[in-house]
Amino acid sequence: MLDEPRGIAAVITVWVLVVGPFVAFGVVPLVWSTGLSWLNAGMTLVLYLISGFGISIGFHRYFTHGAFKTGRAVRIALMVMGILALEGPPTQWVAHHRRHHIFADREGDPHSPWRFGYGPLAIAKGLLFAHLGWMFKRELSNPERFARDMVADPDVRRIERLAIPIGLSSLLVPAAVGGLVTGTWAGAASGFLWAGLWRMAALHHVTWSVNSICHVIGERPFATRDRATNFWPLAIVSFGESWHNSHHADPAAARHGVLPGQLDPSARVIWALEKLGLVWHVRWPVRLWPAAGATRHAGTGTPPRSGGARRACDARRTGTSSAGTAAGGSARATSA
Ligand SMILES: [Zn+2]
Ligand SMILES: [Zn+2]
């Protein structure tokens with residue numbers, strides 16, 4: 001189940017990436033008197049979009065769940081975009097996330113908020129653990145078991161060797177642009193702070209909220225074997241990832257916001273890419289079974305429902321079950 005423990009350098013990196021932005025924003029603005037200029041706001045938005053879709057469309061819906069197929073250029077672009085989010089190398093991201101789906105909210109799940117029990121204190125502790133506590137453990141999911149396709153993919157191996165410079169560029173390029181445009185060191189510092197650190201931290205906490213909040217608070221309209229919820233306030237900033245109950249009910253679907261009015265920007269982008277002929281064999285959801293007597297709000301103290309997720313048969317899915325995809329990613333899309 002697990003790989004060799006995370007190395008000490010990786011543990012330090014996690015600490016720096018999690019705590020660094022808070023320290024920087026607590027201290028540096030006093031020194032540099034930086035504000036959010038239009039330049040920084042623009043760079044922050046653009047980098048948030050690029051790295052955010054890299055996670056939601058790339059790392060998550062494509063690499064982890066095989067929600068569509070695409071060619072080599074788009075695959076590499078999605079990988080690089082995801083690395084810019086500084087959420088770790090794609091193989092480990094995919095391995096953790098597939099393990100999460102297989103063991104969701106049960107023993108073996110790397111980040112279930114229900115780990116400590118169902119009382120208010122246990123849930124509070126669990127939320128903190130699911131949000132970021134789990135990353136400080138030295139535990140790594142075994143890629144040979146959970147992401148063998150990624151391990152065997154020469155493009156993934158090649159790009160992952162460049163993960164550190166690619167990741168650093170998402171912090172240093174905005175600093176360089178800020179410095180060059182304003183011609184000042186303060187401009188470089190504020191570019192680094194806003195479009196680099198702040199943007200990275202904001203996306204981190206949105207991603208982590210899907211692991212924490214979206215397994216505790218919100219609605220559960222569909223039958224799943226875990227406690228994943230739909231949490232609407234995060235729909236736009238997470239690019240549709242917070243429709244997490246629907247996602248757990250049908251993990252390989254390219255759209256997570258399946259009910260009327262549920263905004264899912266990632267699904268919209270995948271739809272546009274499909275129209276442009278850049279992605280194909282997209283697994284659009286057809287119908288999900290509603291949960292029998294589903295609780296509308298979690299945190300009621302009841303344990304996870306047992307039994308597998310039930311999903312209506314999708315004729316276009318040629319024999320690939322979503323559970324099978326989540327289990328091993330054996331059906332991950334590859335270039336045709
Ligand atoms: Zn989940
Ligand atoms: Zn998933």
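1. Let me start with one residue: Thr182 sits in helix α9. This is a predicted model, and in it Thr182 comes out as partly exposed, with 16 other C-beta atoms within 10 Å. Worth a look in your viewer is its pairing with Leu39: the two are 143 residues apart in sequence, yet their C-alpha atoms are 9.5 Å apart in space.

2. Thr182 also takes part in the packing of α9 against α10, on the α9 side. The axes of α9 and α10 are 7 Å apart and make an angle of about 150 degrees. That angle is over 145 degrees, so α9 counts as roughly antiparallel to α10. As for handedness, α9 and α10 cross in a right-handed way.

3. If you would like to select that contact, the α9 residues are Ser170, Leu171, Pro174, Ala175, Ala176, Val177, Gly178, Gly179, Val181 and Thr182. Facing them from α10 are Trp185, Gly187, Ala188, Ser190, Gly191, Phe192, Ala195, Gly196, Leu197 and Met200. Sorted by class, the contact of α9 with α10 has twelve nonpolar and eight polar residues, and no charged ones.

4. Now for the chain as a whole. The protein chain has 13 helices and two strands. Its length is 336 residues, of which 48% count as buried. Of the contacts in the protein chain with a separation of 6 or more, 72% are between residues 24 or more positions apart.

5. Which residues have the most contacts inside the largest nonpolar core? They are Ala67, Phe68, Val94, Phe192, Ala254 and Ile270, in a core of 62 residues. Elements giving two or more residues to this core are α2, α3 (72-83), α4 (90-102), α5 (120-131), α9 (163-182), α10 (185-212) and α12. The largest share, eleven residues, comes from α10. Phe192 is thus a residue to keep in view twice over: it is in the list for the core, and it is also on the α10 side of the contact with α9.

6. Ala254 makes a handy starting point for exploring the core. Setting aside neighbours within four places in sequence, Ala254 is in contact with Arg61, Ala67, Phe68, Ala267, Ile270, Val282, Arg283 and Trp284. Among these partners, Ala67, Phe68 and Ile270 are also named for having the most contacts inside the core.

7. Two of the partners of Ala254, Arg61 and Ile270, lead on to another helix pair. Helix α2 (residues 38-64) and helix α12 (residues 265-275) have axes that come within 10 Å and cross at roughly 75 degrees. An angle from 65 to 115 degrees counts as roughly perpendicular, and α2 and α12 are therefore described that way. From α2 the contact uses Phe53, Ser56, Ile57 and Arg61, and from α12 it uses Ser266, Val269 and Ile270. By class, the contact of α2 with α12 has four nonpolar residues, two polar and one charged.

8. A third pair to inspect is α3 with helix α8 (residues 154-161), whose axes come within 11 Å and cross at roughly 35 degrees. The crossing of α3 and α8 is right-handed. Here α3 brings Arg72, Arg75, Ile76, Met79 and Val80, while α8 brings Asp155, Val156 and Ile159. The residues of this contact of α3 with α8 divide into five nonpolar, no polar and three charged.

9. Two backbone angles deserve a friendly second glance. Asp105 is not a glycine but has a positive phi of about 60 degrees, and Asp105 lies in the loop between α4 and α5. With 25 other C-beta atoms within 10 Å, Asp105 is buried. His281, likewise not a glycine, has a positive phi of about 45 degrees. The place of His281 is the loop between β2 (279-280) and α13 (322-328). Is His281 buried or partly exposed? It counts as partly exposed, because 16 C-beta neighbours are inside 10 Å.

10. One last residue, Ala124, belongs to helix α5. Ala124 is partly exposed, having 13 other C-beta atoms within 10 Å. From C-alpha to C-alpha, Ala124 and Pro113 are 8.2 Å apart in space, with their positions eleven residues apart in sequence as the separation.

Key
Residues are numbered from 1 along each chain as its sequence is written. Chains are lettered from A and ligands numbered from 1 in the order in which they are written. This is a predicted model: local features need pLDDT of at least 70, side-chain atom pairs count only at pLDDT 80 or more; totals for chains, interfaces and linings use all residues. Helices (H or I, at least four residues) and strands (E, at least two) are DSSP runs, numbered from the N terminus. A residue is buried if 20 or more other C-beta atoms lie within 10 Å of its own, exposed if 12 or fewer, and partly exposed in between; C-beta atoms are placed from the backbone. Two residues are in contact if their C-beta atoms, placed from the backbone, lie within 7 Å. Axes are lines fitted to C-alpha atoms, for helices over the stretch in contact, and angles run from 0 to 180 degrees between N-to-C directions. Angles under 35 degrees count as roughly parallel, over 145 as roughly antiparallel, 65 to 115 as roughly perpendicular and the rest as oblique. Ala, Val, Leu, Ile, Met, Phe, Trp, Tyr, Cys and Pro count as nonpolar, Asp, Glu, Lys and Arg as charged, and the others, Gly among them, as polar. A nonpolar core is a set of buried Ala, Val, Leu, Ile, Met, Phe, Trp, Tyr and Cys residues joined through C-beta atoms within 7 Å. A crossing is left-handed if the near helix is turned anticlockwise from the far one by less than a right angle, and right-handed if clockwise.
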